[in-house]
Amino acid sequence: LDKSLVFNGYNNFSVPPVVQSTNLTNGTHTTLYSVASVTVTSQSNVQFNLAQDMYYRLFFGGQQVGIGYIPKYSIYPGAVTQTSYIQFSYNTEAQQAALMQMLSYYTCGLNSNLTLQNFYIDPPITWMTSALDSISMDSSLPGTEDKLIIQITIYNKGNPTKLPFSLQLYNPQAIPVTMYSLVSNVTYKNTVIAKVNIPSIDPPIVI
């Protein structure tokens with residue numbers, strides 16, 4: 001009896017991970033917490049069970065905008081859907097601009113192209129560290145189906161440089177959204193048509 005056995009290992013992931021859904025769960029002035037359902041497809045025939053959380057860094061527009069993790073990470077041959085928790089935050093002005101752009105896409109119902117890379121576990125397993133760090137996955141974060149901004153109405157009061165406006169807002173998330181300031185661009189067909197600069201809203205707007 002002749003028997004041969006072939007192991008097909010992990011050579012990155014040619015099938016991009018798919019974010020099935022995402023929801024905001026909590027937030028502070030510095031960090032926004034989210035939970036996502038992510039499907040990862042493995043073309044390997046090796047099953048991998050890790051009794052630790054798998055962490056990764058999340059990039060948008062070339063800037064790191066958060067850190068995510070999958071609890072008690074396991075991967076099987078084929079497509080596997082698991083829950084991932086993400087903490088969005090920033091440390092530099094460039095990261096802040098990228099994160100605000102991504103959140104703008106999200107609230108307007110638009111998809112954001114993301115990169116998951118620099119995977120790691122804590123505490124680390126020494127012989128796995130460099131292999132995990134080399135993994136890079138491109139994915140897309142779906143925008144919310146229920147848009148946060150329902151309508152913007154700009155009023156013509158005679159001064160074309162400073163026009164008053166009103167916003168009709170809706171919060172589809174299960175947590176309240178509090179606005180302490182509003183600094184943004186208003187775009188139409190990818191062209192900036194107005195800039196909003198309200199550095200302090202007192203009392204704040206709770207949605």
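This is a short tour of a predicted model, going from the whole chain to single residues.

Start with the whole chain selected and coloured by confidence. The mean pLDDT is 87, and 98% of the residues reach 70 or more. Next, select residues 63-70, which form strand 5; among the elements of the chain this strand has the highest mean pLDDT, 96. Then select residues 48-49, strand 3, where the mean pLDDT is the lowest among the elements, at 83.

Switch to a cartoon view. The chain contains 15 strands and 2 helices. Turn the C-alpha trace to follow its principal axes: the spans are about 90 × 30 × 30 Å. The radius of gyration is 21 Å, whereas a compact globule of 207 residues would have one near 17 Å.

Now show the surface. About 13,400 Å² of the chain is exposed, and 53% of that area comes from carbon and sulfur atoms. Of the 207 residues, 30% count as buried. As for contacts with a separation of 6 or more, 56% of them are between residues 24 or more positions apart.

Select the charged side chains. The chain has 9 negative and 8 positive ones, and 14 Å separates the centres of the two sets.

Finally, select Gly158. This residue sits in the loop that joins strand 10 (149-154) to strand 11 (165-169). Is Gly158 buried or exposed? Gly158 counts as exposed because its relative accessible area is 62%, and the cut-off for exposed is over 50%. Add Tyr85 to the selection: Tyr85 and Gly158 are 73 residues apart along the chain, and their C-alpha atoms are separated by 49 Å.

Methods
Residues are numbered from 1 along each chain as its sequence is written. This is a predicted model: local features need pLDDT of at least 70, side-chain atom pairs count only at pLDDT 80 or more; totals for chains, interfaces and linings use all residues. Side-chain values use heavy atoms; hydrogens and water are left out. pLDDT is the predictor's confidence in each residue, from 0 to 100. Helices (H or I, at least four residues) and strands (E, at least two) are DSSP runs, numbered from the N terminus. The radius of gyration is taken over C-alpha atoms; the globule rule is 2.2 Å times the number of residues to the power 0.38. Buried means under 20% relative accessible area, exposed over 50%, partly exposed in between (1.4 Å probe, protein chains only). Contact means heavy atoms within 4.5 Å. Accessible areas come from the Shrake-Rupley method with a 1.4 Å probe; for residues, only the protein chains shown count as cover. Lys and Arg count as positive and Asp and Glu as negative; His and the chain ends are not counted. The place of a charge is taken as NZ of Lys, CZ of Arg, CG of Asp or CD of Glu.
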